[in-house]
Amino acid sequence: MARKISFINYKGGVGKTSLVVNTAAALAKLGQRVLLCDFDTQSNASIWLLRLDRWNRINAAGEGSIYSIFDPGRAHLRDLVVRDVVEGKTGDKLLPGLDLVPTTFNLVDLENEYNGDPKRPPYLVFYDQLAAIEANYDFILFDCPPNILRASQCGVFTSNEIYVPVNPDALSLIGFTLLVEKLHKFHQLSASFRSAAMGVAAQVQGLVFNSIKAGVDIEVPKMRLQLRLNQFKTAKRAASAAKIFTTQIRDAMVVRRAVALGLPVALVGVDAEAGANGDNVVNDYRKLAGEIMQQVAPDFSHELYCQKLG
């Protein structure tokens with residue numbers, strides 16, 4: 001059974017997309033079968049991995065993106081998957097095992113213009129379609145925008161785990177706090193659509209310090225986040241095993257270069273060639289992927305889920 005993980009924080013600008021894209025790539029490099037679903041209407045992950053030419057074709061066609069399963073609603077998620085998405089200039093597959101469900105700017109219409117069956121909200125439509133292909137993967141990652149509106153709800157409802165990218169600043173703490181409050185409200189509102197077979201609604205399982213600049217002392221921000229996380233765990237608003245990951249992702253110019261090249265950092269330049277012992281951002285992502293693989297996936301009963309909702 002695939003582990004399904006949403007990456008989200010209510011604070012934007014924390015480097016969420018670079019984190020999820022490069023973590024997905026690192027997992028694939030470690031032999032895992034990975035599907036990345038892009039729910040952020042800015043489409044940054046999709047443009048990054050498809051490069052602009054392939055993404056433009058999908059955007060111009062008005063179909064082939066994740067919104068197609070909602071409107072016109074004839075598409076199937078399995079047909080939208082771009083398999084082994086990372087390609088070289090001649091179309092050669094550079095990173096087998098990393099697939100993408102792309103998005104385009106029309107996903108924003110899901111928030112206001114989409115009028116579906118109220119008995120089947122978008123997150124339930126997505127959940128059912130993903131169920132048909134999730135056995136093909138070890139990990140399914142969701143790049144969610146900084147809110148709990150309809151697009152994010154698709155990832156959050158489907159997930160087993162939620163990871164929160166943070167920077168060492170006060171706004172990340174505020175964003176994390178607001179995220180947990182909004183998650184609790186959404187879980188209450190969506191509870192009637194969740195069957196026992198779906199298991200427990202996803203809670204925060206981990207926080208990842210991301211884009212850390214050289215020389216920045218993160219100990220005080222880390223202490224404050226740990227205190228808030230402990231408070232949420234006591235209140236059963238975060239998973240009992242939730243933690244701040246040991247691995248921290250440094251800020252590095254190669255990440256911005258990787259975006260321009262349309263490649264994950266694991267395939268870019270000398271950092272990628274340094275191997276497992278290299279002291280660089282490529283190895284940061286590799287270590288984080290290893291931590292995620294070692295993290296025990298949650299497995300709670302439906303009865304405990306109902307207790308958690310209170």
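Axes here are lines fitted to C-alpha atoms, for helices over the stretch in contact, and the angles run from 0 to 180 degrees between N-to-C directions. Keep that in mind for the helix stops on this tour, and remember that you are looking at a predicted model.

**Stop 1: H7 and H8**

Select residues 170-190, helix H7, and residues 219-234, helix H8. Their axes come within 10 Å and cross at roughly 10°. Angles under 35 degrees count as roughly parallel, so H7 runs roughly parallel to H8. Now show side chains. On the H7 side, pick Leu173, Phe176, Thr177 and Val180; they meet Arg224, Leu225, Arg228, Leu229 and Phe232 of H8. Sorted by class, this contact has six nonpolar, one polar and two charged residues.

**Stop 2: H6 against H7**

Keep H7 on screen and add helix H6, residues 150-158. What is the angle at which H6 and H7 pack? It is about 80°, and the axes are 11 Å apart. That makes H6 roughly perpendicular to H7. For the side chains, select Gln153, Val156 and Phe157 in H6, which meet Leu183, Phe186, His187 and Ser190 in H7. The class count for this contact is four nonpolar, three polar and no charged residues.

**Stop 3: the loop after H7**

Next, go to Ala197, in the loop between H7 and strand E6 (203-209). Ala197 is exposed, with a relative accessible area of 75%. If you like, draw a distance from Ala197 to Ala28: C-alpha to C-alpha they are 28 Å apart in space, and 169 residues apart in sequence.

**Stop 4: salt bridges**

How many salt bridges does the structure hold? There are 14, and here are some to click on.

- Arg3 and Glu161: their side chains meet in a salt bridge at 2.9 Å, N to O. Arg3 lies in strand E1 (residues 3-7) and Glu161 in strand E5 (residues 161-166), so the pair ties together parts that are 158 residues apart in sequence. Both Arg3 and Glu161 are buried.
- Arg33 and Asp138: the closest N and O atoms of this salt bridge are 3.3 Å apart. Arg33 sits in the loop between helix H1 (16-29) and strand E2 (34-38), and Asp138 in the loop between helix H5 (122-131) and strand E4 (139-143), so parts 105 residues apart in sequence are tied together. Arg33 is partly exposed, with a relative accessible area of 38%, and Asp138 is also partly exposed, at 23%.
- Lys16, Asp40 and Asp143: select these three together, as they are linked in a network of salt bridges.
- Lys243 and Glu291: the side chains meet in a salt bridge at 3.2 Å, N to O. Lys243 belongs to strand E7 (residues 243-244) and Glu291 to helix H11 (residues 281-294), so the pair ties together parts that are 48 residues apart in sequence. Is each partner buried or partly exposed? Lys243 is partly exposed, with a relative accessible area of 27%, whereas Glu291 is buried at 12%.

**Stop 5: along H11**

From Glu291, extend the selection to the whole of H11. This helix has 14 residues and reaches 20 Å from its first C-alpha to its last, close to the 20 Å expected at 1.5 Å a residue. Color by accessibility and you should find H11 mostly covered: ten of its 14 residues are buried. Among them are Val281, Val282, Tyr285, Leu288 and Ile292, along with Asn283, Asp284 and the Glu291 you just visited.

How values were computed: Residues numbered from 1 in each chain as written. Predicted model: local features only at pLDDT ≥ 70, side-chain atom pairs only at ≥ 80, totals over all residues. Heavy atoms only, no water. Helix = DSSP H or I, 4+ residues; strand = E, 2+ residues; numbered from the N terminus. Parallel < 35°, antiparallel > 145°, perpendicular 65-115°, else oblique. Contact = heavy atoms within 4.5 Å. Nonpolar A, V, L, I, M, F, W, Y, C, P; charged D, E, K, R; others polar. Salt bridge = Lys/Arg side-chain N within 4 Å of Asp/Glu carboxyl O. Buried < 20%, exposed > 50% of the residue type's maximum accessible area, 1.4 Å probe, protein only. Expected span 1.5 Å × (residues − 1).
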